[in-house]
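Colleague: I would like to go through this model with you at the bench. Can we take it question by question?

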Amino acid sequence: MDLTVTDLAIARGGIPVLAHVSLTLRPGRALVLRGPNGIGKTTLLRTIAGLQPPLAGAIGLPAEDIAYAGHADGLKATLSVAENLRFWARIFGTGDIAAALAAMDLKGLADRPAHSLSAGQKRRLGLARLLVTGRRFWLLDEPTVSLDAASVALFAAAVRAHLARGGAALMATHIDLGIAEAEVLDLTPFRAAPTAPAPGGFEEAFA
Ligand SMILES: Nc1ncnc2c1ncn2[C@@H]1O[C@H](COP(=O)(O)OP(=O)(O)OP(=O)(O)O)[C@@H](O)[C@H]1O
């Protein structure tokens, strides 16, 4: 089954951000969302992940097929790296954390409490969590923030392996991940038209 977005209109803080966005993401494919700061990449990902409703349009894919990794890493600070992954593996009904530890080079940190990790190590753990979800459609918001070059390469390899297994990835990122087969969607043309000012102007509207 594909992830389909049809004629989507979305808002943030009550203000329309994007309109008429349509896209299709097929298993085995990656799509990179591009556009200037504030265009609405995060808002689009949050909407597709089911974290906020769209203003209009349709999203064709059950939320249970989606794993979302946003800006917050969502780690349990007092649990170790391995315990964090086991926790998520249980939530998602999967078992094996060894492959996730290996994929993001976390074996040597497995017993360290999450709160003691560096920013990049925390990010690697957050991304390793994707691997234990067992979900096919990954929605990733700036996944490489804080990662060094070696970790970006590890992450790109994990995404490629996911695609090869029939997974798919929709990613907002400003950097080139080196995933040559990824398609790019520039959201700039979909910027929503500014809303009309209220009759009587600002002062009347807020009087
Ligand atoms: N919590 C919020 N409340 C109200 N408005 C917000 C909030 N977060 C973001 N916005 C606004 O919503 C619009 C879209 O923001 P969004 O974060 O989706 O953009 P983005 O393309 O992901 O940006 P960036 O590249 O800077 O991460 C922007 O105009 C932004 O100022």
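Colleague: Is Leu18 buried or exposed?
Modeller: This is a predicted model, in which local features need pLDDT of at least 70, side-chain atom pairs count only at pLDDT 80 or more, and totals for chains, interfaces and linings use all residues. Residues are numbered from 1 along each chain as its sequence is written. A residue is buried if 20 or more other C-beta atoms lie within 10 Å of its own, exposed if 12 or fewer, and partly exposed in between, with C-beta atoms placed from the backbone. Leu18 has 26 C-beta neighbours inside 10 Å, so it counts as buried.

Colleague: Which residues is Leu18 in contact with, leaving aside neighbours within four places in sequence?
Modeller: Leu18 lies in strand S2; strands (E, at least two residues) and helices (H or I, at least four) are DSSP runs, numbered from the N terminus. Contact means C-beta atoms, placed from the backbone, within 7 Å. The C-alpha atoms of Leu18 and Leu44 are separated by 8.1 Å, with their places 26 residues apart along the chain. The contacts of Leu18 are Ala9, Ile10, Gly40, Leu44, Leu187, Phe190, Arg191 and Ala192.

Colleague: Which residue of strand S2 has a positive phi without being glycine?
Modeller: Most residues other than glycine have a negative phi. The residue in question is partly exposed, with 13 other C-beta atoms within 10 Å. Its phi is near 60°. It lies in S2 and is His20.

Colleague: What is the phi of Asp105?
Modeller: Asp105 sits in the loop between helix H3 (98-103) and H4. It has 14 C-beta neighbours inside 10 Å, so it counts as partly exposed. Asp105 is not a glycine, yet its phi is positive, about 55°.

Colleague: Which helix gives the most to the shell around the ligand?
Modeller: The shell takes in residues whose C-beta atom, placed from the backbone, lies within 6 Å of the ligand. Its residues are Arg12, Gly13, Val17, Gly35, Asn37, Gly38, Ile39, Gly40, Lys41, Thr42, Thr43 and Ala172. Three of them come from the top contributor, helix H1 (residues 41-48).

Colleague: How many residues of that shell are charged?
Modeller: Ala, Val, Leu, Ile, Met, Phe, Trp, Tyr, Cys and Pro count as nonpolar, Asp, Glu, Lys and Arg as charged, and the others, Gly among them, as polar. The shell around the ligand has three nonpolar and seven polar residues. Its charged residues number two.

Colleague: How many of the eight residues of H1 are buried?
Modeller: The buried ones are Lys41, Thr43, Leu44, Leu45, Thr47 and Ile48. H1 is therefore largely enclosed by the rest of the structure. The count of buried residues is six.

Colleague: At what angle do the axes of H4 and H5 cross?
Modeller: Axes are lines fitted to C-alpha atoms, for helices over the stretch in contact, and angles run from 0 to 180 degrees between N-to-C directions. The axes of H4 (residues 119-133) and H5 (residues 149-164) come within 11 Å and cross at roughly 5°. That makes H4 roughly parallel to H5 (angles under 35 degrees). The crossing angle is roughly 5°.

Colleague: Which residues of H5 make the contact with H4?
Modeller: On the H4 side, Gly120, Arg124, Leu127 and Leu131 take part. The residues of the contact divide into four nonpolar, two polar and one charged. From H5 come Ser151, Phe155 and Ala158.

Colleague: How far is Arg29 from Ala169, C-alpha to C-alpha?
Modeller: Arg29 is in the loop between strand S2 (15-25) and strand S3 (30-34). Neighbours within four places in sequence aside, Arg29 is in contact with Leu163, Ala168 and Glu183. Arg29 and Ala169 are 140 residues apart along the chain, and their C-alpha atoms are separated by 6.7 Å.

Colleague: What share of the 207 residues of the protein counts as buried?
Modeller: The protein has six helices and eight strands. Its C-alpha trace spans about 65 × 40 × 30 Å along the principal axes. The buried share is 34%.

Terms used. Parallel < 35°, antiparallel > 145°, perpendicular 65-115°, else oblique. Contact = placed C-beta atoms within 7 Å.
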